[in-house]
Amino acid sequence: MKPNSTLSLVAGIRRFGPLLGAAVLLAACSSAPVPPTPPPWTPSTPPPASCPDSGVAITGGDVSAAMGLRALGIYLTNCGTSDYAVHGYPVVRVLDADRLPLDIAVSNGSAPVSAPDSWDTPPEPITLRPGERVTARILWRNTVTDATVVATEGHYLEIAPAAGEPAQIVEPDGVIDLGNTGRLAVNAWTVRP
């Protein structure tokens, strides 16, 4: 090899070497498998395998927390074989870790826990065919206004589709951390995507 051709080779490697290295890395990366599309969101607690005698199953989603305001979606699914009529607000009681009721005031509508929003619509009668579901929302605040009062923490919810109907126990994916407010708000059953 002549001295000039050696210098030309070295100069070429210096000039195009980084580009060749990048091309090799890109080729290696392009053969990596594409990650799968995540499954669509579903409630964290699926309906029970067997349908209750009432013909409806009540389940809860994840607890959503933001700046002290908490929200939990609850779902009523017609798991029976005939139509089911629902109208109004779910009846909710907060239970402790031993499933004993806590002294909590429950109001229909977002107030006094939060300002009214798109969930605060008047209840309407809804007929669910088998397999269909409705949802409602439960709101509370984790607010401590008095350090001498022990903060309340619920672990279960007892939920009935309406007054006088059989209740079911729901274990939310997260605690009901009410601070010492002693208040819970419930929105009406509605059809939402």
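# Salt bridges, strands and a buried isoleucine

Me: What is the relative accessible area of Glu-158, and which class does that put Glu-158 in?
Reply: Bear in mind that this is a predicted model. Glu-158 has a relative accessible area of 23%. Buried would need under 20% and exposed over 50%, so with 23% Glu-158 counts as partly exposed.

Me: Which residue does Glu-158 form a salt bridge with?
Reply: Look for a side chain whose nitrogen comes close to the Glu-158 carboxyl: the closest N and O atoms are 2.8 Å apart. The pair links distant parts of the chain, with Glu-158 in strand E9 and its partner in strand E4, 65 residues apart. That partner is partly exposed as well, with a relative accessible area of 40%. It's Arg-93.

Me: OK, those two strands. In what order do the strands of their open sheet come?
Reply: There are 3 strands in it, with antiparallel pairing. Strand E4 (91-95) and strand E10 (168-170) each have a single partner strand, so they stand at the edges and one side of each is left without a neighbour in the sheet. The twist averages 25° from one strand to the next. The order reads E4-E9-E10.

Me: How many bridges join E4 to E9?
Reply: E9 covers residues 156-160 and runs antiparallel to E4. One place to look is Val-92, which stands opposite Ile-159 in E9. The number of bridges joining the two strands is 5.

Me: Tyr-156 sits in that stretch too. Which residue's charged end sits over the ring of Tyr-156?
Reply: The charged end in question is 4.3 Å from the ring centre. The cut-off for a charge over a ring is 6 Å to the centre, so 4.3 Å passes on distance. The residue is Arg-99.

Me: And over the ring of Trp-119?
Reply: Here the charged end is 3.9 Å from the ring centre. For aromatic pairs, on the other hand, the count comes to 0. The residue over Trp-119 is Arg-192.

Me: Back to salt bridges. Which residue pairs with Arg-70 in one, and is that pair buried or exposed?
Reply: The closest N and O atoms are 3.0 Å apart. Arg-70 is in strand E2 (residues 69-78) and its partner in strand E11 (residues 176-179), 107 residues apart, so the pair links distant parts of the chain. Both members are buried. The partner is Asp-177.

Me: What relative accessibility does Arg-129 have?
Reply: Arg-129 forms a salt bridge with Glu-132, their closest N and O atoms being 3.1 Å apart. Glu-132 is partly exposed, with a relative accessible area of 28%. Arg-129 counts as exposed, at 51%.

Me: Is Ile-126 buried or exposed?
Reply: Ile-126 lies in strand E6 (residues 126-128). Beyond its neighbours within four places in sequence, it is in contact with residues including Tyr-84, Val-134 and Trp-189. At 15% relative accessibility, Ile-126 counts as buried.

Me: How far apart are the C-alpha atoms of Ile-126 and Val-86?
Reply: Val-86 is among the residues in contact with Ile-126. The two are 40 residues apart along the chain. Their C-alpha atoms are separated by 5.3 Å.

Me: Zooming out, what share of the contacts with a separation of 6 or more joins residues 24 or more positions apart?
Reply: The chain has 1 helix and 12 strands, and the helix leads the pattern when read along the sequence. Buried residues make up 33% of the 193 residues. Residues 24 or more positions apart account for a share of those contacts equal to 72%.

Key
Residues are numbered from 1 along each chain as its sequence is written. This is a predicted model: local features need pLDDT of at least 70, side-chain atom pairs count only at pLDDT 80 or more; totals for chains, interfaces and linings use all residues. Side-chain values use heavy atoms; hydrogens and water are left out. Two strands pair if DSSP finds at least two bridges between them. Helices (H or I, at least four residues) and strands (E, at least two) are DSSP runs, numbered from the N terminus. Axes are lines fitted to C-alpha atoms, for helices over the stretch in contact, and angles run from 0 to 180 degrees between N-to-C directions. Rings of Phe, Tyr and Trp (its six-membered ring) pair if their centres lie within 6.5 Å; planes under 30 degrees apart count as stacked, over 60 as edge-to-face and the rest as tilted. A charge sits over a ring if NZ of Lys or CZ of Arg is within 6 Å of the ring centre and within 35 degrees of the ring normal. A salt bridge is a side-chain nitrogen of Lys or Arg within 4 Å of a carboxyl oxygen of Asp or Glu. Buried means under 20% relative accessible area, exposed over 50%, partly exposed in between (1.4 Å probe, protein chains only). Contact means heavy atoms within 4.5 Å.
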